[in-house]
Amino acid sequence: MRFFPELMKLNDGTPVDTPQKMELRKKEILEIFQKYAYGDMPAPVPVTGKILEETGRCCSGTAVYYKIEITCDFGNGRHFSYPVQLIVPEKAGKKPLLLCVNFDDAIPHEYIPSEEVVDNAFALAVLYFKDVTNDDPDFTDKLAAFYPRTGSGHDPAKISLWAWSASRALDYLLTRDDIDEGHVGVIGHSRLGKTALWCAANDIRFRYVCSNDSGCMGAAYARSWVEGAESTASIAKVFPYWFCENFQAVANDPAAMPFDQHMLLAAIAPRYLLVNSASKDAWAGPASEQDACVGASPAWQVYERKTGYQGKSTYYDANEGNIKGELGYYKRYGVHFLGRKDWLNFMEFINNHY
Ligand code: GCU
């Protein structure tokens, strides 16, 4: 029997058996992940958005495409800007929005079936992560330059910076009158699935979140690591800059880590989280992702009428899962990829709870 850090107890040992106590627990959890995993989540700054391009020739003319420049104001004349692309279905009224942090600025892209999203009546915003800060150890480039390293051990690492930029994009998007501010989701794949989870854990305006094949330091338990999957020791060595310095001290010994990933998932309760895995994606540890859903579920159950994870505790086969509860899990057939089926699942999951 492995030892998992206790989810349903406050740091002082008090059992978490009410929504109020869960709210306190979530604060503690965010502090733990800031200190030992992703580094600090910077405070918001004022944001403006400027439309650079606009065209109605999008998705066969059923949607309007906007290219928007998001500008973050750091005071004293210091600004940082990055583009966000937005596609809004033509129909009148406010539309639910899915914000995707992606690996590319092209849309459509193999990971973004934009026409499918629009056909399902969702608006779609896309943020290209390298426009915010490069995927490398350089902490002097772009947004990273605004957060010089202090040596605290928990300076904002790259995952925090990408997550923060998604929240700032949302600051602007919510000022628009075509977006339904009560129905906004964030989705990301792989390293950007880790980013989507961390973003939603910190930003309750994201009512829905989908982590796709997010794996190690995403939705997968570190302690139920299996042969063939990525370990925390490996990720800390190969991608140290995704995490804060303190992570290096705990990553080699998961048993001693002050967290595991069921706690990150739980920080999203009682909102709506879909964990997507893929059957041929052993590196992301599908079984450990499903296990973490089981482990996180009690966080939902302290809230009235919330059930959390309604799926099985034995492992799903390909193209199986359960997306009925507020915490859904689905294992798609296929490889490490963010595909049409993953998006359709996310939209179906949202519609189950809309
Ligand atoms: C690597 C890394 C994973 C990550 C993935 C990706 O495989 O080890 O942790 O999720 O890249 O982002 O595609």
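Biologist: Which residues of H8 are buried?
Modeller: Keep in mind that this is a predicted model. Helix H8 spans residues 286-296, and 9 of its 11 residues are buried. Going along the helix, those buried residues are Pro286, Ser288, Glu289, Gln290, Asp291, Ala292, Cys293, Gly295 and Ala296.

Biologist: What covers the buried residues of H8?
Modeller: H8 is mostly covered, and both helices and strands are part of that cover. The cover includes helix H7 (261-266), strand S8 (272-278), helix H9 (298-301) and strand S10 (327-332).

Biologist: Why is Cys293 counted as buried?
Modeller: Cys293 is one of the buried residues of H8. Buried means under 20% relative accessible area. Cys293 makes that cut because its relative accessible area is 0%.

Biologist: How many disulfides does a search of the whole structure find?
Modeller: Let's go through two of the cysteines. Cys210 is in no disulfide, as the nearest cysteine sulfur, in Cys100, is 9.3 Å away. For Cys293, the closest cysteine sulfur is the one in Cys210, and at 11 Å that is too far for a bond. A disulfide needs two cysteine sulfur atoms within 2.5 Å, and the search of the whole structure comes back with 0.

Biologist: Okay, over to the ligand. Which residues are around it?
Modeller: By class, the shell has 5 nonpolar, 2 polar and 3 charged residues. By name, they are Phe103, Ser190, Arg191, Lys194, Glu230, Ile235, Phe239, Trp242, Trp283 and His336.

Biologist: How far is the polar side-chain atom of Glu230 from an oxygen atom of the ligand, and what share of the ligand's accessible area does the protein cover?
Modeller: Ser190 has a side-chain N or O atom 2.6 Å from a ligand oxygen. Arg191 has a polar side-chain atom 2.5 Å from an oxygen of the ligand. For Glu230, the distance from a polar side-chain atom to a ligand oxygen is 2.5 Å. On its own the ligand has 320 Å² of accessible area, and the share covered by the protein is 83%.

Biologist: Is Arg25 buried or exposed?
Modeller: Arg25 sits in helix H1, residues 19-38. Setting aside neighbours within four places in sequence, Arg25 is in contact with Glu6, Leu7, Lys9, Leu10, Asn11, Val16, Ile32 and Met263. Its relative accessibility is 3%, so Arg25 counts as buried.

Biologist: Which residue has its backbone oxygen 2.5 Å from a polar atom of the side chain of Gln85?
Modeller: Gln85 is in strand S3, residues 79-89, and at 10% relative accessibility Gln85 is buried. Not counting residues up to four places away in sequence, Gln85 touches Tyr65, Tyr66, Asp105, Ile107, Leu124, Ala125 and Val126. The backbone oxygen at 2.5 Å from a polar side-chain atom of Gln85 belongs to Asp105.

Biologist: Last one: how far apart in space are Ala222 and Ala269, C-alpha to C-alpha?
Modeller: Ala222 is in the loop between strand S7 (208-212) and helix H5 (232-238), and with 11% relative accessibility Ala222 counts as buried. Leaving out residues up to four places away in sequence, Ala222 touches Thr232, Pro254, Met257 and Asp260. As for Ala269, the two alanines are 47 residues apart in sequence, and their C-alpha to C-alpha distance is 20 Å.

Methods
Residues numbered from 1 in each chain as written. Predicted model: local features only at pLDDT ≥ 70, side-chain atom pairs only at ≥ 80, totals over all residues. Heavy atoms only, no water. Buried < 20%, exposed > 50% of the residue type's maximum accessible area, 1.4 Å probe, protein only. Helix = DSSP H or I, 4+ residues; strand = E, 2+ residues; numbered from the N terminus. Contact = heavy atoms within 4.5 Å. Near = heavy atom within 4 Å. Polar contact = N/O pair within 3.5 Å; in protein donor to acceptor, adjacent residues only side chain to side chain. Areas by Shrake-Rupley, 256 points an atom, 1.4 Å probe, with all protein chains shown as cover. Nonpolar A, V, L, I, M, F, W, Y, C, P; charged D, E, K, R; others polar.
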